[in-house]
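User: Hey, I'm new to this one. Can you walk me through it?
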Amino acid sequence: MKKALKINPKDNTATALEDIEAGDSVKLASKSGPVGEIKAQQAVPFGHKLALANIGQGEKVLKYGEVIGLATQPINKGDYVHVHNVESALLPPPKEVKQWNF
Amino acid sequence: MEFLGYERPDGSVGVRNHVAVISSGRCANEMAATIADSVNGAMPVLHTHPCVRLKEDNEWALRTLAGLGSNPNVAAAIVVGVGCENPTPYQIGEEIAKSKKPVEVLTIMESKGFQNLMDRGLELIHEMISQACQMQRKPFPLSYLTLGVKCGGSSAVSGVASNSAGGQVFDRLIAEGGTAIFSETAEVIGATHLLAKRAVSKEVAMRLEEAVERMEAGIKATGVDIRGSQPTRGNIEGGLTTIEEKSLGALAKTGTAPLQGVLEYAEKPQSKGLFFMDGSAMTSELIAGEAAAGIQIHIYSTGGGLTSSFRCPAGWGGEIPILPQIAVVSTPSKPRDSQEKEFFDIYADTIVEGKETVDQVAERLFEEVIAVACGKLTKREMRSGYREPIVMYSTGPIL
């Protein structure tokens, strides 16, 4: 079983505590202890984020209980959440971001 | 809750009982070090401030050195200089004297020569240490503690691991009536609105926004637009998606308490609770500013990777000799060997491994803060030998 951390109860994302593969079952922990499980639909590298709920295009992406950006396309529960489907609500990302391969 | 500390004449409480030998300028570093090294129990305060800086930078230096001498961890101080420095050794001594602790000023000009100064310095340091070593620790409530924090070597999980645990420690100390200071103005860019929401008044929120705008304008003046470069490529590779996420991760170390005020660099807080200090993210400068503002213990909250593969605070951690620094690491370099155990005080990688919760690590860190306040030496304090001079904060041109 893989592990991810949901740092605030309000969050709709969790941080992967190890590399997660598509199809993996992921155990979720809060600050205080286990808070359930989720199935990863996509691969999520260590330190990156996993969607804990369906997030519609333009909807808020939450971590630390706060808005970290808006979804630029629909995100499904269990999907990988990063620069390909989220953008800052404050600042455009670096222009080069599309050319970078991650 | 209580800790055992040293009561100072100004009502503050030290967690260490150092007799400091403070160099007033770069030229005096060797004299200060030689006097301090001649005896057991003295601590040299060495730094990089030269005499080719202008008004504002000299004022920062005065405030920093006077603040370090006035810090509750210092029982008594000798300021050593040539006599021609700016700030002068006398100015520094006068400021420290306001804290009512014993302070002496020695200059080559007044001593009529180097050897006279060294002889008198040795005489004074013996007297001061004889006095200081007879002081006893007494119990005080945690409200007498002021913590500082800095994060460094950020990793993919430092926001949710060490920073979150550190934030909980801040919250607990503030709930006990204590004080906590954080800084790094550049890191607030992207989360200014969130921090401003925590401000106790409109005025505090405005001062915060002004500090961030000033920092951004300063960066722009060099031809760089920080907006459009954040998060960095390395941040994005590590999993940080937006500037908001990066700044929130940095702010996680501040906990959730209301923001009581915005301090200038090295300015002392006038009340209890959480304070933001305007300043750069450069570790040595930042921690010196927090120490000058009176923090007794510093928490260095780190990520991992390469920066965790060598002794943490000696070089990149920014060593402030009068200040115990508790180093926390989220993801130590692997494999962790026995030698690495001496690098950090708190290993928070148990969060990543699923062996401990954030709450449990925060509890361990809080206990460590109290233990260090009562006299437990940090990993850095246990090391001898190499010594890092303090890098002095500066904003202006150098002559």
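User: What share of the contacts in chain B with a separation of 6 or more comes from residues 24 or more positions apart?
Analyst: That share is 75%. Two residues are in contact if their C-beta atoms, placed from the backbone, lie within 7 Å. This is a predicted model, where local features need pLDDT of at least 70, side-chain atom pairs count only at pLDDT 80 or more, and totals for chains, interfaces and linings use all residues. Residues are numbered from 1 along each chain as its sequence is written, while chains are lettered from A and ligands numbered from 1 in the order in which they are written.

User: OK, and how much of chain B counts as buried?
Analyst: Of its 399 residues, 55% do; buried takes 20 or more other C-beta atoms within 10 Å of a residue's own, with C-beta atoms placed from the backbone.

User: Switching topic: which helix does helix 2 of chain B cross?
Analyst: Helix 2 (residues 55-70) crosses helix 12 (residues 283-292) at roughly 55 degrees, and their axes come within 7 Å. Helices here are DSSP runs of H or I, at least four residues, numbered from the N terminus. Axes are lines fitted to C-alpha atoms over the stretch in contact, with angles from 0 to 180 degrees between N-to-C directions.

User: Which residues make that contact?
Analyst: B:Arg63, B:Thr64, B:Gly67 and B:Leu68 from helix 2 of chain B, with B:Ala288, B:Gly289, B:Ala291 and B:Ala292 from helix 12 of chain B.

User: And how far does the C-alpha trace of chain B span along its principal axes?
Analyst: About 65 × 45 × 40 Å.

User: How many helices and strands are there in chain B?
Analyst: Chain B has 15 helices and 14 strands, a strand being a DSSP run of E, at least two residues.

Terms used:
Buried ≥ 20, exposed ≤ 12 C-beta atoms within 10 Å, placed from the backbone.
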